[in-house]
Protein chains: 2
Amino acid sequence: MHMAAFYNPSPTGGIERTGRAADVTAPTARYPFEVTLHQGEIEKIFLDAMSEKGVQVDRAIVPTSLEVSSDPAILSDPQAYAVKVVLQHMSRPESQQEEVVYAKYVLGADGAHSWVRKTLGIAMEGENTDYVWGVVDTIPETDFPDIRNKSAIHSRNGSCMVIPREGDVVRLYIQVEQAAFVENGRIDKSKVTPQHLMEVASKSFQPFTISFPHEIMWWTLYVIGQRVAARYSLHERVFIAGDACHTHSPKAGQGMNASMNDTHNLSWKIAHVLRGWSDISLLKTYEFERRKYAQDLINFDKKFAALFSGKPRSDDNEDGVSHEQFLEAFQTFGGFTSGIGVHYEASALVDPTNQHLARHLRIGERLIPQVVVRAADARPENIQELIPADTRYKLLLFPGDISTPAQKEKLGDLAHALSAATSFRRRFTPPNAPVDAVFDIVTICTTPKEEVNFTDVPLALRSHWSKVWTDDEQLAGGVGGKVYETYGISTTEGAIVVVRPDGYVSAIAPLDGVKYLDQYFSGILHNQTV
Amino acid sequence: MHMAAFYNPSPTGGIERTGRAADVTAPTARYPFEVTLHQGEIEKIFLDAMSEKGVQVDRAIVPTSLEVSSDPAILSDPQAYAVKVVLQHMSRPESQQEEVVYAKYVLGADGAHSWVRKTLGIAMEGENTDYVWGVVDTIPETDFPDIRNKSAIHSRNGSCMVIPREGDVVRLYIQVEQAAFVENGRIDKSKVTPQHLMEVASKSFQPFTISFPHEIMWWTLYVIGQRVAARYSLHERVFIAGDACHTHSPKAGQGMNASMNDTHNLSWKIAHVLRGWSDISLLKTYEFERRKYAQDLINFDKKFAALFSGKPRSDDNEDGVSHEQFLEAFQTFGGFTSGIGVHYEASALVDPTNQHLARHLRIGERLIPQVVVRAADARPENIQELIPADTRYKLLLFPGDISTPAQKEKLGDLAHALSAATSFRRRFTPPNAPVDAVFDIVTICTTPKEEVNFTDVPLALRSHWSKVWTDDEQLAGGVGGKVYETYGISTTEGAIVVVRPDGYVSAIAPLDGVKYLDQYFSGILHNQTV
């Protein structure tokens with residue numbers, strides 16, 4: 001959550017601040033102050049983590065052909081090698097040798113000019129817009145008091161956006177007149193210099209002074225274009241993800257986030273299919289969920305770009321963009337950048353049936369961050385830490401105060417029902433696997449931390465002492481104790497919240513709802529006990 | 001801050017929980033949930049950090065002689081090589097070569113059996129006590145609901161203390177009868193086994209069951225001894241620190257913390273003397289401050305050990321130890337373990353004169369952790385992060401609301417006074433050094449975050465945009481906005497808080513108190529402008 005500042009034309013000439021506001025709508029983003037990071041740093045974290053697991057990225061390989069079987073018998077067998085890919089090793093061109101790979105599934109995360117997408121003949125839908133922007137990364141010298149805030153400057157001399165980066169670096173987005181250097185929708189970059197962009201910026205900052213004595217670290221020009229792939233896969237055997245599927249304005253800063261979420265959405269589903277836990281049809285939900293999100297983001301991005309490029313509202317221009325319109329757009333924008341604006345529609349995976357049991361915890365959205373306190377040792381922790389992306393479904397039990405006989409009995413009945421051979425937990429967990437291999441159960445009760453005993457939760461619902469938590473303030477005070485209220489869960493009725501392996505709430509059941517859960521999971525998981 | 005649990009004899013036999021409570025007194029410890037770490041892990045952090053600076057620890061060297069000059073002219077010259085040390089390199093014993101080192105200052109951090117202490121002829125004062133304890137680190141199996149809390153068990157079958165460690169490991173302190181295996185104050189460890197200790201523990205846990213199916217990772221037996229060195233230095237040229245100065249019960253868990261604080265207290269003072277910033281007499285404050293702390297800790301530790309080893313209060317034993325006595329001791333204990341119980345008495349360095357300007361921020365104690373919000377970008381941060389241990393004095397300015405003309409004027413006057421050639425800032429900063437080389441100035445105002453401009457603080461008081469903060473809630477809400485209240489500072493009168501390089505509040509001045517500060521710093525710093 002950053003501070004955002006808004007500047008508009010002042011009656012006395014130049015600009016003046018018309019307001020400041022926090023730039024996210026909901027107080028549900030977990031990190032109170034995000035930092036804009038280089039994509040390279042995030043990539044390094046992934047590469048290092050993969051390397052620890054023995055996975056290396058070999059960049060000097062290009063595919064030369066890709067064929068997907070059209071045999072329905074092969075396509076319906078999740079373990080069949082339905083795809084043939086021919087690879088060329090660029091690091092040893094002298095050999096001219098091709099490598100043929102037969103794959104069960106192939107993912108093309110090969111960027112905006114995706115070879116996989118083109119080979120599959122998938123079209124990009126949408127068009128470029130009229131908006132042209134220059135971008136400069138540098139350390140400015142200025143008396144502008146919002147240089148470390150996200151600032152939208154709407155002046156008579158043009159529009160600017162300030163995005164603070166790491167250290168003292170600032171990224172400036174500068175609106176430029178396009179006529180001079182755009183030809184057939186393509187920018188002729190040779191006709192513009194960063195000095196030109198900075199001169200434009202200096203004018204829109206008046207009466208504040210801004211100068212650029214330091215190195216220009218990076219700069220570019222772009223025409224805002226917003227397009228999305230017509231399809232995200234062929235036969236759920238070859239997929240595309242990330243920039244291969246969608247392009248949009250860099251102002252949203254969502255290229256990397258959307259791409260990571262694409263593959264996060266897909267990867268656990270492929271894991272479940274490959275393990276024989278789920279039917280191959282589960283993979284259809286990937287395009288269903290992620291393509292709609294890309295559309296939502298692009299629709300918003302168009303609106304935002306238009307607002308930004310529009311003239312400010314004034315007495316002469318009553319149709320101009322008002323401060324309020326801008327604030328609203330900025331806040332929606334915050335919902336996207338913090339990742340909490342994503343909503344997946346109903347499917348076999350996302351069942352809104354029992355939404356009323358946790359009114360504010362939207363089924364199809366991420367679990368809302370909240371601090372809970374561990375029963376065994378009063379350690380405070382964010383509930384997000386209890387739902388790691390480890391391919392397991394999480395069952396969050398909300399039984400209320402388990403020191404009361406009524407609620408304790410409900411928990412006992414639930415333990416009994418889940419232990420039955422016919423329950424989903426037994427049926428969908430492979431026979432020789434640990435009891436928590438597919439379903440990880442965590443209890444969040446409301447018994448005060450001074451009284452709660454983790455030993456009060458039946459052993460059948462507690463694989464470790466760390467699986468019992470309570471909705472109370474941490475010992476140091478200040479945070480915690482708001483989970484039931486924030487989620488809209490009754491402390492007497494209770495609820496069971498199902499969280500998918502990627503952290504989205506996908507179903508909710510009553511405390512005695514094992515039958516409902518049997519049915520829900522039957523729609524997405526295979527019986528393992530036959 | 002952990003949860004602590006107290007168990008006492010139950011009327012029906014065995015033990016029962018008589019209460020739970022947070023184990024620190026003040027809500028001023030920064031970290032809400034500390035973890036007990038292996039000393040080796042902390043040591044590794046230091047070794048790695050030193051290695052990055054090019055400093056290696058060479059363990060295969062022992063000193064064989066140590067001589068300190070007795071010439072007053074040499075002893076009073078801070079740059080003189082007053083100490084001669086002869087070293088023997090153990091890694092090349094074949095050479096039999098000695099190395100002679102002439103040193104300005106020498107620090108003996110060589111443990112409880114310190115060669116430096118013995119060579120200087122410094123006696124350890126104090127004595128062993130009658131209390132004998134066994135200690136076992138293992139992963140127990142138990143239905144005891146407080147096995148992950150710090151628990152004090154006072155049973156008719158003996159006393160136990162539970163300290164949760166990393167992962168599932170638990171450290172148990174078990175009181176044992178000493179007669180059988182103590183001879184002349186020395187323990188004969190061969191007469192006791194960990195199995196014996198665990199049998200004793202099992203009995204005191206009844207009616208709960210506890211068993212020890214896993215590996216015993218470590219165990220020991222000890223007699224509680226509490227001693228402190230008669231002196232901490234010879235002529236402020238050779239010092240001792242850490243276990244070389246003080247030994248106490250391992251239950252306090254303060255061996256490492258006290259030792260780190262000893263050397264932290266000393267090291268910046270030596271740096272100031274070596275740089276010619278301060279007089280050599282500053283080094284006298286090391287023993288003055290740290291020896292008193294060691295005494296305080298030992299006095300508390302004795303009381304705690306006696307409480308723990310005493311019989312519980314009951315109808316038959318009205319003089320026994322009550323639950324309330326125990327709780328109070330536990331909470332004082334928490335003050336020590338979190339480091340907030342340290343208080344340095346008045347000296348040239350610690351001047352309580354203006355305590356009334358910040359009533360709750362005790363001069364001689366650590367700066368109380370608080371969340372502040374950065375003016376330039378509304379970033380929340382703990383005030384502790386603004387006072388790194390970088391050898392500089394920190395001047396925290398508390399000018400109230402700087403958007404009001406009255407308070408803004410006071411800040412302007414202060415900027416003016418500090419810029420005068422006669423001010424302490426100019427006089428005690430070396431002429432060619434940066435303006436913030438000795439004094440780092442940070443402003444914490446009360447202007448709301450939506451209105452504050454970092455540019456409102458005069459440039460003379462602001463070396464960077466990150467030096468201006470405000471006492472407001474963070475954007476996400478929940479924390480922040482309590483600094484003035486917590487410290488007891490008036491928003492109109494304001495204050496200047498001086499924080500020493502080691503994080504202790506050492507003086508407080510009024511906003512127009514540059515004269516007072518001139519005088520205060522004249523007592524500890526040398527004029528650089530002659």
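A residue is called buried if 20 or more other C-beta atoms lie within 10 Å of its own, exposed if 12 or fewer do, and partly exposed in between, with C-beta atoms placed from the backbone. By this criterion Glu236(B) counts as buried, because it has 22 C-beta neighbours inside 10 Å. The structure is a predicted model, in which local features need pLDDT of at least 70 and side-chain atom pairs count only at pLDDT 80 or more, while totals for chains, interfaces and linings use all residues. Residues are numbered from 1 along each chain as its sequence is written, and chains are lettered from A and ligands numbered from 1 in the order in which they are written.

**Confidence and overall make-up**

- The mean pLDDT (the predictor's confidence in each residue, from 0 to 100) of chain A is 88, and 88% of the residues of chain A reach 70 or more.
- Where pLDDT is low, the predicted coordinates should not be read in detail.
- For the complex, the predictor reports an ipTM of 0.77 and a pTM of 0.79.
- Chain A contains 11 helices and 25 strands; helices (H or I, at least four residues) and strands (E, at least two) are DSSP runs, numbered from the N terminus.
- Of the 530 residues in chain A, 42% are buried.
- Two residues are in contact if their C-beta atoms, placed from the backbone, lie within 7 Å. Among contacts in chain A between residues at least 6 apart in sequence, those joining residues at least 24 apart make up 68%.

**Interface and symmetry**

- Chain A and chain B each contribute to the contact, with 30 residues from chain A and 30 residues from chain B.
- The side of chain A that touches chain B comprises 16 nonpolar, seven polar and seven charged residues. Here Ala, Val, Leu, Ile, Met, Phe, Trp, Tyr, Cys and Pro count as nonpolar, Asp, Glu, Lys and Arg as charged, and the others, Gly among them, as polar.
- A turn of 180 degrees with a shift of 0.0 Å along the axis lays chain A on chain B with an RMSD of 0.0 Å, which is the relation of a two-fold axis. The superposition is by least squares on the C-alpha atoms of residues with pLDDT of at least 70 in both copies.
- Within chain A, the C-alpha nearest the axis belongs to Gly478(A), at 3.4 Å.
- Both copies use the same surface, since 100% of the contact residues of chain A recur in chain B.

**Sheets of chain A**

- One open sheet has seven strands in the order β20-β19-β23-β22-β21-β24-β25 (chain A), with mixed pairing; two strands pair if DSSP finds at least two bridges between them.
- The edges of this sheet are β20 (380-382) and β25 (505-509) of chain A, each of which pairs on one side only.
- Within the seven-stranded sheet, strand β21 (residues 393-400) of chain A runs antiparallel to strand β24 (residues 495-499) of chain A, joined by five bridges. Leu397(A) has Ile496(A) as its bridge partner in β24(A).
- A further open sheet has three strands in the order β3-β4-β5 (chain A), with antiparallel pairing. Its edge strands are β3 (61-68) and β5 (98-103) of chain A, each pairing on one side only.
- Strand β4 (residues 83-89) of chain A is joined to β5(A) by six bridges in an antiparallel arrangement, and Gln88(A) stands opposite Glu98(A) in β5(A).

**Strand β11**

- Arg171(A) belongs to strand β11 (residues 170-175) of chain A, and counts as buried because it has 20 C-beta neighbours inside 10 Å.
- Apart from neighbours within four places in sequence, Arg171(A) is in contact with Val135(A), Asp137(A), Ile163(A) and Arg165(A).
- In chain B, six of the six residues of strand β11 (residues 170-175) are buried. Val170(B), Leu172(B) and Ile174(B) cover one side of β11(B), and Arg171(B), Tyr173(B) and Gln175(B) the other.
- Strand β10 (residues 158-164) of chain B pairs with β11(B) in the antiparallel sense over five bridges, with Pro164(B) opposite Val170(B).
- The hairpin of β10(B) and β11(B) has five residues between the strands, and Gly167(B) in this hairpin takes a positive phi near 60 degrees.

**Backbone features in loops**

- The peptide bond from Gln206(A) to Pro207(A) is cis, with omega near 15 degrees; Pro207(A) sits in the loop between α4 (194-205) and β14 (210-211) of chain A.
- Although not a glycine, Glu236(A) has a positive phi of about 55 degrees. Glu236(A) is in the loop between β16 (233-234) and β17 (238-240) of chain A.
- Glu236(B) likewise has a positive phi, near 55 degrees, and lies in the loop between β16 (233-234) and β17 (238-240) of chain B.
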